[in-house]
Amino acid sequence: MHTLLTSSKLSSLRQHTPAFFIIGAVVLSCCLCGILSRPVTFLAYLWPANAVLLGLFLRFKHLRTLGGWLGAFSGYMLADLLTGNFLLLTFVLSLANLINVIISFFFIQYWKLNYRNYNQGFTFLYLFTICALGGCLASALFAIATVPYLSDTFMSTQRLGG
């Protein structure tokens with residue numbers, strides 16, 4: 001019984017580990033590209049990480065594991081921490097990025113959107129609407145509800161009230 005339990009844990013680890021490192025490395029590099037586009041103490045002008053992550057999860061089902069999601073979160077966190085951001089702010093912004101991808105992924109799966117044929121019919125419009133209104137709006141609302149209440153952020157309650 002002990003060897004069976006150990007082999008199932010080892011099999012699970014083998015399934016999640018490659019996804020963790022692949023997704024983590026891709027998200028980290030995309031985040032660093034985005035961070036290089038941002039003015040000091042503000043958000044980035046270009047943020048390819050969420051779109052690339054969503055594309056990877058849609059295209060490669062074997063990366064859509066707990067390891068893949070943890071790799072994405074680690075990539076978001078590591079990129080921001082390496083560039084000097086505060087831990088709590090990094091955590092909240094990483095959650096906002098993941099919410100964007102989770103909501104977009106959920107609605108694409110829920111409505112069974114044939115995203116592989118994005119150039120046929122209204123599929124591209126549906127895909128754009130899901131990502132823009134679903135994912136981006138949800139993550140922006142989460143960030144607006146949390147970031148102003150953190151210390152040392154670019155978006156303080158004094159700036160919002162002024």
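## A six-helix chain, seen from helix H4

Phe106 sits in helix H4, which covers residues 87-110. The model is a predicted one, and this helix is a friendly place to start a walk through it.

**A patch on the surface**

Phe106 has a relative accessible area of 44%, which makes this residue partly exposed. Together with Tyr110 and Trp111, Phe106 forms a nonpolar patch on the surface. The three residues add up to about 390 Å² of accessible area.

Beyond the patch comes Lys112, a residue of the loop between H4 and helix H5 (123-146). Lys112 is exposed, at 70% relative accessibility. Its backbone deserves a look as well: phi of Lys112 is near 50 degrees, a positive value in a residue other than glycine.

**The chain as a whole**

What does the secondary structure of the chain come to? There are 6 helices and 0 strands, and the order of elements from the N terminus is α-α-α-α-α-α. The chain has 162 residues, and 35% of them count as buried. Its accessible surface is about 10200 Å², with 71% of that belonging to carbon and sulfur atoms. Take the contacts between residues at least 6 apart in sequence: 62% of these join residues at least 24 apart.

**Two nonpolar cores**

In soluble globular proteins, nonpolar side chains tend to be buried together. Here, the largest nonpolar core has 25 residues. Which of its residues have the most contacts inside it? They are Ile23, Val27, Leu53, Phe57, Ala72 and Tyr76. Helix H1 (2-36), helix H2 (49-59), helix H3 (66-82) and H4 each contribute at least two residues to this core. The largest share comes from H1, with 7 residues.

Phe57 shows how one of these core residues is surrounded. Not counting residues up to four places away in sequence, Phe57 touches Ile23, Leu63, Arg64, Gly68, Trp69, Val101 and Phe105. Ile23 is thus a neighbour of Phe57 and also belongs to the core residues with the most contacts.

A second core, separate from the one just described, has 7 residues, among them Leu93, Ala96, Val147 and Leu150.

**Inside helix H4**

Back in helix H4, two polar residues are worth a visit. Asn97 is found in this helix and is buried, with a relative accessible area of 14%. The side chain of Asn97 makes a polar contact with the side chain of Asn50, at 3.1 Å. Leaving aside neighbours within four places in sequence, Asn97 is in contact with Trp47, Asn50 and Tyr76. Tyr76 is a name you have met before, as one of the residues with the most contacts inside the largest core.

Ser104 also lies in helix H4. Is Ser104 buried or exposed? At 0% relative accessibility, Ser104 counts as buried, because that value falls under the 20% cut-off. Its contacts, apart from residues up to four places away in sequence, are Leu54, Ile130, Cys131 and Gly135.

**Helix H3 and the salt bridge**

Leu81 has its place in helix H3 and is partly exposed, at 36% relative accessibility. With neighbours within four places in sequence left aside, Leu81 is in contact with Phe86, Leu87 and Thr90. Leu81 and Phe91 are 10 residues apart in sequence, and their C-alpha atoms are 9.5 Å apart in space.

Side chains of opposite charge can pair when their charged atoms come close. How many salt bridges does the structure hold? There is 1. Arg38 forms a salt bridge with Asp80, and the closest N and O atoms are 3.5 Å apart. The pair links distant parts of the chain, with Arg38 in the loop between H1 and H2, Asp80 in helix H3, and their positions 42 residues apart. Arg38 is partly exposed, with a relative accessible area of 26%, whereas Asp80 is buried, at 7% relative accessibility.

**Accessibility at a glance**

The table gathers the relative accessible areas of some residues discussed above.

| Residue | Relative accessible area | Class |
|---|---|---|
| Arg38 | 26% | partly exposed |
| Asp80 | 7% | buried |
| Leu81 | 36% | partly exposed |
| Asn97 | 14% | buried |
| Ser104 | 0% | buried |
| Phe106 | 44% | partly exposed |
| Lys112 | 70% | exposed |

Technical notes
Residues are numbered from 1 along each chain as its sequence is written. This is a predicted model: local features need pLDDT of at least 70, side-chain atom pairs count only at pLDDT 80 or more; totals for chains, interfaces and linings use all residues. Side-chain values use heavy atoms; hydrogens and water are left out. Patches are made of residues with over 30% relative accessible area and no salt bridge: like charges are joined within 9 Å, nonpolar side chains (Val, Leu, Ile, Met, Phe, Trp, Tyr) within 5 Å. Accessible areas come from the Shrake-Rupley method with a 1.4 Å probe; for residues, only the protein chains shown count as cover. A salt bridge is a side-chain nitrogen of Lys or Arg within 4 Å of a carboxyl oxygen of Asp or Glu. Helices (H or I, at least four residues) and strands (E, at least two) are DSSP runs, numbered from the N terminus. Buried means under 20% relative accessible area, exposed over 50%, partly exposed in between (1.4 Å probe, protein chains only). A nonpolar core is a set of buried Ala, Val, Leu, Ile, Met, Phe, Trp, Tyr and Cys residues joined through side-chain atoms within 4.5 Å. Contact means heavy atoms within 4.5 Å. A polar contact is a pair of N or O atoms within 3.5 Å; within protein, one must be able to donate a hydrogen and the other to accept it, and residues adjacent in sequence count only if both atoms are side-chain atoms.
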